Amino acid sequence: MRLDKWTIKAQEALQEAQQLAVKSGHPELTNAHLLAALLGQEDGLAPPLLQKIGVEPTRVKAQVMLLLDKLPQQSGGNGRYASPELQKALANVEDEARKLGDEYVSTEHLLLGIIGAKDDAGRLLRDEGASREEVLKGLRALRG
């Protein structure tokens with residue numbers, strides 16, 4: 001994972017996800033943390049992209065927060081590790097960028113990585129109608 005090939009917004013989303021995990025006392029950083037960060041970004045692409053495909057971002061964010069509330073907590077220590085599903089999602093984001101002809105990893109690539117994950121955050125997005133195909137259609141429409 002080369003963060004120098006990530007946009008500022010993508011880097012900020014990952015940092016915000018880490019901060020959310022720390023603040024919540026979660027020892028494991030998950031796709032749910034990353035999704036919450038993407039949905040919380042001011043001027044971010046994830047909320048309008050989801051809205052474009054008929055998925056209500058505020059509803060998804062509320063459900064993500066419920067997922068986060070169920071995660072185990074630990075007090076003390078500042079070590080955070082990425083869940084296996086988050087590691088897989090992050091490993092795929094550079095491929096997603098290349099497939100779309102983008103030089104840099106952006107927030108839409110992070111969203112696509114989460115959608116492909118076999119965890120609760122990925123399932124949540126897919127159940128709400130945010131399939132890879134739909135997100136790509138919405139992305140094309142937003143890019144005009």
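# Burial, packing and backbone in a predicted model

Biologist: Why does Gln41 count as buried?

Modeller: The relative accessibility of Gln41 is 7%, and since buried means under 20% relative accessible area, Gln41 counts as buried in this predicted model. Gln41 lies in the loop between H2 and H3, and, leaving aside neighbours within four places in sequence, Gln41 is in contact with Lys9, Glu12, Ala13, Glu16 and Thr107.

Biologist: What makes Asp43, in the loop between H2 and H3, buried or exposed?

Modeller: Asp43 has 77% relative accessibility, and because exposed means over 50%, Asp43 counts as exposed.

Biologist: What is notable about the phi of Asp43?

Modeller: The phi of Asp43 is positive, at about 60°, although Asp43 is not a glycine. Most residues other than glycine have a negative phi. A positive phi, near 75°, also belongs to Gly101, which follows H5.

Biologist: Why is Gln73 called exposed?

Modeller: With a relative accessibility of 60%, set against a cut-off of over 50% for exposed residues, Gln73 counts as exposed. The place of Gln73 is in the loop between helix H4 (57–69) and strand E2 (81–82).

Biologist: What does Gln73 contact, leaving aside its neighbours within four places in sequence?

Modeller: With those neighbours left aside, Gln73 is in contact with Ser24, Gly25, His26 and Pro27. In sequence Gln73 and Pro27 are 46 residues apart, while in space their C-alpha atoms are 6.6 Å apart.

Biologist: How do you know that the side chain of Gln73 has a polar atom by the backbone oxygen of Ser24?

Modeller: The distance from the backbone oxygen of Ser24 to a polar atom of the side chain of Gln73 is 3.0 Å, and a polar contact requires a pair of N or O atoms within 3.5 Å, so the distance meets that cut-off.

Biologist: What makes the span of helix H5 (residues 84–99) close to the expected one?

Modeller: H5 has 16 residues and reaches 23 Å from its first C-alpha to its last, which is close to the 22 Å expected at 1.5 Å a residue. H5 nevertheless contains a kink of about 30°, centred on Val93.

Biologist: Which residues of H5 are buried, and what do they pack against?

Modeller: The buried residues of H5 are Glu85, Leu86, Ala89, Leu90, Val93, Glu96 and Ala97. Their packing partners are helix H1 (8–24), strand E1 (28–29), helix H2 (31–40), E2, helix H6 (107–115) and helix H8 (132–143).

Biologist: Why is Glu96, found in helix H5, called buried?

Modeller: The relative accessible area of Glu96 is 8%, and because a residue under 20% is buried, Glu96 is buried. Not counting residues up to four places away in sequence, Glu96 touches His109, Leu112 and Arg132.

Biologist: What makes H6 mostly covered?

Modeller: Nine of the nine residues of H6 are buried, namely Thr107, Glu108, His109, Leu110, Leu111, Leu112, Gly113, Ile114 and Ile115. What covers these buried residues includes H1, H2, H3, H5, H7 and H8.

Biologist: Which residues have the most contacts inside the largest nonpolar core?

Modeller: This core has 41 residues, and those with the most contacts inside it are Leu34, Leu35, Val64, Leu110, Leu111 and Leu125. At least two residues of the core come from each of H1, H2, helix H3 (46–52), H4, H5, H6, helix H7 (120–127) and H8, and H2 gives the most, with seven residues. Leu34, leaving aside its neighbours within four places in sequence, is in contact with Ala13, Leu14, Ala17, Leu86, Leu90, Leu110 and Ile114.

Biologist: How many helices and strands does the protein chain have?

Modeller: The secondary structure of the protein chain comes to eight helices and two strands, and from the N terminus on the elements run α-β-α-α-α-β-α-α-α-α.

Biologist: Why is the protein chain called as compact as a globular protein of that length?

Modeller: The radius of gyration of the protein chain is 14 Å and the globule rule gives 15 Å for 144 residues, and because the two values are close, the chain is as compact as a globular protein of that length. Along its principal axes the C-alpha trace spans about 50 × 35 × 25 Å, and 45% of the 144 residues count as buried. Among contacts between residues at least 6 apart in sequence, 71% join residues at least 24 apart.

Terms used. Residues are numbered from 1 along each chain as its sequence is written. This is a predicted model: local features need pLDDT of at least 70, side-chain atom pairs count only at pLDDT 80 or more; totals for chains, interfaces and linings use all residues. Side-chain values use heavy atoms; hydrogens and water are left out. Helices (H or I, at least four residues) and strands (E, at least two) are DSSP runs, numbered from the N terminus. Buried means under 20% relative accessible area, exposed over 50%, partly exposed in between (1.4 Å probe, protein chains only). Contact means heavy atoms within 4.5 Å. A polar contact is a pair of N or O atoms within 3.5 Å; within protein, one must be able to donate a hydrogen and the other to accept it, and residues adjacent in sequence count only if both atoms are side-chain atoms. The expected span of a helix is 1.5 Å times one less than its number of residues. The bend at a residue is the angle between axes fitted to the seven residues ending there and the seven starting there. A nonpolar core is a set of buried Ala, Val, Leu, Ile, Met, Phe, Trp, Tyr and Cys residues joined through side-chain atoms within 4.5 Å. The radius of gyration is taken over C-alpha atoms; the globule rule is 2.2 Å times the number of residues to the power 0.38.
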